[in-house]
Amino acid sequence: QCVCLVAAGFLCCLNEPTTSNLQGLNFRKFYRGAAGVISQAHKLLGILHFFMRSFGIAPPKVKKSKSANNEEEEEEEEEEEEEDNAEEELAPPPDTTLVFCRRSLPEPPGIDVWDDSEKPLLKASLVPEVDATQDASAEARMLNLHALRPGGDALGLGADMDEVVFIEHGSTLVCLLFFEKLSDKEVMIIQGATRSCILRGHGPNLSCVGPLVNDTCPVGEGNIRRRELCTVFPTSYRHKVVDQYSADAMLTDVGRMYLSATPLAQLPLFDPAEGSWDRGEASSVVGDDVNESVSRKGNEVECDLDDETPAPLFCFPPGVGPQYGGNPQLRFVLLWLAASQAGRQIRVRTPPILELELAEDLKEAEELVGVLLEAGVSVAQLWGMVVDESSTLLSKGCPVFEMLTSKIVYGV
């Protein structure tokens, strides 16, 4: 069903939305003004890889060079090529269910929660970007959707992280038909998305690396793939960079990350008619080419990703890059605090971001994590160190990791 809807939108066969709160799935904006826009060409490649994988079409192979004046060798290679082509007829991916959840966010935790928390810091590690052999997003929640409009400008000329995620997981584009613009007091969680291609970079540096023939993320109960995509709306400090070091700003930022790390079962939906919080409805669409859709209550269609312990987070620190101006090391520490308070480990990726060397900025992260874990530092203790030294960070520009390591190792 998802493939049929996206294909209809690709051919601009769908009705246009009757409200400005919905973007619609027709690709008119995708083609408009796209001539000469390299990032748009790579987005198109990503969409085509989605269609090819959905219909079981194998990606084309690069032909081997043949030796001249050797007819027998040429004939053998032609036969091998025919056999390879026969073997490369892929079976379509399994029928899976895609679930879209919209929840209202409760008030973020007050400062007392962070000051008094006895929860231990949990493991945090740097992980490589997804490729054909490894995928750290499997059985994890991804936290790098920042746009209030689902998909950002995926069907326009947009090439930021939201657009990248939606193109890589092509079936998620169907939500543009029915998912209205969010407020910053809400969260969207997509469960069960299948990745069909790999994109690198963003903006003018966006490129399509190639198809992902087999998504290794396992499929769980209800045919829902064990992967979540989740929104988080960081504060922008682009025009006032120093503001992010105040205790109030850090409290706001860590609270937003914590709410986005909260398990779905704990996020209520407010019913204004009844004046109460309720679990609410979860809309789901069966993926691939199955003509079926469902909308049921509560856990009947929701993936039990957090069945025993909350699944890890997979993301780069929210709020970094030229659009937000966040300090990468401070964002990492706040993300670590929020994840640990929510009972989640974190897998931190370091994708190439314009005007930012994220891998370089976070290269000492695992060393810091090792020092603090060995010292048995709790959430409250790390929060206290960050808040107490905020004036140092602000006035002297001291690297956050260096300051925290020095505090633990040398006591200063």
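This report walks through aromatic pairs, salt bridges and strand pairing in a predicted model.

**Aromatic pairs**

Let's start with the rings. Across the whole structure, a search turns up 14 aromatic pairs. One of them brings F100 together with F178 in an edge-to-face arrangement, with 5.4 Å from centre to centre and 85 degrees between the planes. This pair links distant parts of the chain, as its members are 78 residues apart. F100 belongs to strand β1 (residues 97-104), while F178 sits in the loop between α6 (161-168) and β4 (186-191).

The two partners differ in how much of their surface is accessible. F100 is buried, at a relative accessible area of 2%. F178 has 36% relative accessibility and counts as partly exposed, because that value lies between the 20% and 50% cut-offs.

F178 also pairs with F179: the ring centres are 6.5 Å apart and the planes meet at 50 degrees, so this pair is tilted. F179 has a relative accessibility of 7% and therefore counts as buried, the cut-off being under 20%.

Elsewhere, ring pairs tie several residues into a cluster, made up of F10, F27, F30, Y31, F50, F51 and F55.

**Salt bridges**

Now to the charged side chains. Side chains of opposite charge can pair when their charged atoms come close. In this model the count of salt bridges is 13. Here are three of them, with the distance from N to O:

| Salt bridge | N to O distance |
|---|---|
| R141 and E228 | 2.7 Å |
| E168 and R195 | 2.8 Å |
| R225 and D215 | 4.0 Å |

Take R141 and E228, which meet in a salt bridge with their closest N and O atoms 2.7 Å apart. The pair links distant parts of the chain, joining strand β3 (residues 141-145), home of R141, to strand β7 (residues 228-231), home of E228, across 87 residues. Both R141 and E228 are buried.

The salt bridge between E168 and R195 has an N to O distance of 2.8 Å. This pair, too, links distant parts of the chain: helix α6 holds E168, the loop between β4 and β5 (197-200) holds R195, and the two are 27 residues apart. E168 and R195 are both buried.

R225 and D215 form a salt bridge at 4.0 Å, N to O. Both residues lie in the loop between β6 (207-211) and β7, 10 residues apart. Burial applies to R225 as well as D215. Salt bridges with shared partners join D135, D215, R225 and R227 into one network.

**Strand β3 and its neighbours**

Where does R141 sit? It lies in strand β3, and this strand is mostly covered, with 5 of its 5 residues buried. β3 pairs with β7 in the parallel sense over 3 bridges. Within that pairing, M142 has L229 of β7 as its bridge partner. The salt bridge from R141 to E228 also joins these strands, since R141 is in β3 and E228 in β7.

β3 has a second parallel pairing, with strand β12 (residues 313-315), over 2 bridges. Here the bridge partner of R141 is L313 in β12. R141 thus appears twice in this account: its side chain forms a salt bridge with E228, and it has L313 as a bridge partner in β12.

Key:
Residues are numbered from 1 along each chain as its sequence is written. This is a predicted model: local features need pLDDT of at least 70, side-chain atom pairs count only at pLDDT 80 or more; totals for chains, interfaces and linings use all residues. Side-chain values use heavy atoms; hydrogens and water are left out. Rings of Phe, Tyr and Trp (its six-membered ring) pair if their centres lie within 6.5 Å; planes under 30 degrees apart count as stacked, over 60 as edge-to-face and the rest as tilted. Helices (H or I, at least four residues) and strands (E, at least two) are DSSP runs, numbered from the N terminus. Buried means under 20% relative accessible area, exposed over 50%, partly exposed in between (1.4 Å probe, protein chains only). Two strands pair if DSSP finds at least two bridges between them.
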